[in-house]
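Subject: Structure handover and findings

Hello,

Here is the structure for you to look through. My notes follow below it.

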Amino acid sequence: MDFLSDFLMRFGAQLQSPTLAFLIGGIVIAALGSKLEIPEAIYKFIVFMLLIKVGLSGGIAIRNANLVDMLLPALFAVVTGMLIVFIGRYTLAKLPKVKTVDAIATAGLFGAVSGSTLAAALTVMEAQGMEYEPWAAALYPFMDIPALVTAIVVASIYTTKKRAAAAEELSKQEYLNKQEYLSKQSVAAGKYPTSRQEYRSQQRITASGYPSKQRDRVKIWPIVKESLEGSALSALLLGLALGILTRPESVFESFYEPLFRGLLSILMLIMGMEAWSRLGELRKVAQWYAVYAFVAPLLHGFIAFGLGMIAHYVTGFTPGGVVILSVIAASSSDISGPPTLRAGIPSANPSAYIGASTAVGTPVAIALGIPLYIGLAQALMGG
């Protein structure tokens with residue numbers, strides 16, 4: 001009972017943080033019909049600033065850290081990102097009215113990482129005085145890229161098999177129709193049709209009775225390249241590189257650090273308004289997306305939390321680091337993921353995966369996931 005009451009008190013305190021207040025405020029004013037708009041350019045600039053700051057802090061920490069300590073958490077980040085895609089492939093895709101490619105794209109977006117959710121978690125943790133490895137933010141690309149690549153590859157394999165099956169069925173029908181046509185023409189002309197063996201050779205008929213078709217090969221590197229060129233990952237990796245290779249401490253402490261929380265509050269306001277506007281898109285698709293988008297962030301975070309605890313006991317990974325790993329698993333990409341998936345899985349419906357992520361997944365990850373994982377870490381590991 002003491003554990004539960006202590007956890008609920010900590011959970012309630014997290015819900016009152018300024019970061020979450022701005023998110024909820026954005027949802028409320030959008031629901032009330034406010035005409036408030038924040039230009040897209042400002043939104044992109046804020047995200048860039050936040051991710052540069054996160055990258056710089058992670059790069060500075062990596063420069064002074066023992067890289068061996070990063071190996072297990074980084075491995076767990078890769079495994080989690082890929083696992084999330086397969087969970088969606090064999091759960092969401094099996095639900096009524098849900099198309100398989102849409103489910104795979106949705107799982108890929110939920111496996112990828114939201115830089116804004118990560119930034120929100122770091123701000124809440126710093127306000128709570130919760131320590132974590134500064135390089136823990138660098139786990140972002142270790143989960144983000146494998147999740148997007150896995151989703152696109154799985155979707156490519158599925159669509160290739162589906163096209164092959166359709167082509168096989170069509171080829172069988174065409175073969176039967178042509179055989180019937182040749183038979184009729186032969187009778188009318190008093191001639192026999194081309195031999196079956198010759199016809200099979202001309203039409204590339206295989207032993208199974210239909211034309212053979214060379215399957216399209218899935219190219220992995222263009223997918224990885226697309227992810228790396230995305231605005232969010234580019235900003236984060238640039239910050240990491242500058243933090244590792246240069247000495248940016250002075251500009252970091254005088255410029256990026258003081259602006260961080262103020263910019264994040266504006267970003268949360270924008271995301272709250274966006275979440276409400278996306279509810280309309282979510283209504284266009286099956287209600288199962290809403291169920292998945294509510295349950296998946298918490299489930300994914302718990303999986304990462306369990307793996308993080310293993311790293312905690314094996315390598316001394318801090319409770320704060322466990323929280324960060326859980327939060328990036330619970331988050332769903334809001335910047336780099338959608339354009340990457342649009343290019344990699346063009347047949348998927350953006351209303352399904354973007355609507356589910358923005359309208360439900362992101363608010364759940366921020367409003368419930370962040371305080372939940374912080375509370376669990378404090379209760380179980382004394383963070």
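The protein chain has 15 helices and 0 strands. Please keep in mind that this is a predicted model. Of the 383 residues in the protein chain, 52% are buried. The accessible surface comes to about 18000 Å², and carbon and sulfur atoms hold 63% of it. Contacts reach far along the sequence: counting those between residues at least 6 apart, 87% join residues at least 24 apart.

Aromatic pairs

The count is 4 aromatic pairs. Two of them are described here, beginning with phenylalanine 110 and tyrosine 292. Their ring centres are 5.3 Å apart and their planes meet at 70°; an angle over 60 degrees counts as edge-to-face, so that is the label for this pair. Phenylalanine 110 belongs to helix α5 (residues 100-111), and tyrosine 292 to helix α12 (residues 288-315). The two are 182 residues apart in sequence, so the pair ties together distant stretches of the chain. Phenylalanine 110 is buried, at a relative accessible area of 0%. Tyrosine 292 has 8% relative accessibility and counts as buried because the cut-off is under 20%.

The next pair is phenylalanine 302 with tyrosine 373. Here the centres lie 5.8 Å apart and the planes stand at 90°, so this pair is edge-to-face as well. Phenylalanine 302 sits in helix α12, while tyrosine 373 sits in helix α15 (residues 350-381). They are 71 residues apart, and the pair links distant parts of the chain. How covered is each partner, tyrosine 373 and phenylalanine 302? Tyrosine 373 is buried at 0% relative accessibility. Phenylalanine 302 is at 39%, so it counts as partly exposed.

One contact involves a charge and a ring. The charged end of arginine 89 sits over the ring of tyrosine 90, at 5.0 Å from the ring centre.

Helices α12 and α15

Both helices contribute to the pair of phenylalanine 302 and tyrosine 373. Their spans are worth a look.

Helix α12 has 28 residues. From first C-alpha to last it reaches 39 Å, close to the 40 Å expected at 1.5 Å a residue. There is still a kink of about 30° at alanine 296, shortly before proline 297. Just after α12 comes glycine 316, with a positive phi of about 85°.

Helix α15 has 32 residues. How far apart are its end C-alpha atoms? The answer is only 40 Å, short of the 46 Å that a straight helix would reach at 1.5 Å a residue. The helix bends by about 40° at glycine 369, and proline 371 follows within four residues. Cover is extensive: 28 of the 32 residues in α15 are buried. Just after α15, glycine 382 takes a positive phi of about 70°.

Phenylalanine 45

Phenylalanine 45 is placed in helix α3 (residues 40-63). Its relative accessible area is 47%, which makes it partly exposed. Which residue is 218 positions from phenylalanine 45 in sequence, yet 9.6 Å from it in space? That is leucine 263, with the distance taken C-alpha to C-alpha.

For a first pass, I would open the model at the kink in α12 at alanine 296. Then go to the bend in α15 at glycine 369.

Best regards

Conventions:
Residues are numbered from 1 along each chain as its sequence is written. This is a predicted model: local features need pLDDT of at least 70, side-chain atom pairs count only at pLDDT 80 or more; totals for chains, interfaces and linings use all residues. Side-chain values use heavy atoms; hydrogens and water are left out. Buried means under 20% relative accessible area, exposed over 50%, partly exposed in between (1.4 Å probe, protein chains only). Contact means heavy atoms within 4.5 Å. Accessible areas come from the Shrake-Rupley method with a 1.4 Å probe; for residues, only the protein chains shown count as cover. Rings of Phe, Tyr and Trp (its six-membered ring) pair if their centres lie within 6.5 Å; planes under 30 degrees apart count as stacked, over 60 as edge-to-face and the rest as tilted. A charge sits over a ring if NZ of Lys or CZ of Arg is within 6 Å of the ring centre and within 35 degrees of the ring normal. The expected span of a helix is 1.5 Å times one less than its number of residues. The bend at a residue is the angle between axes fitted to the seven residues ending there and the seven starting there.
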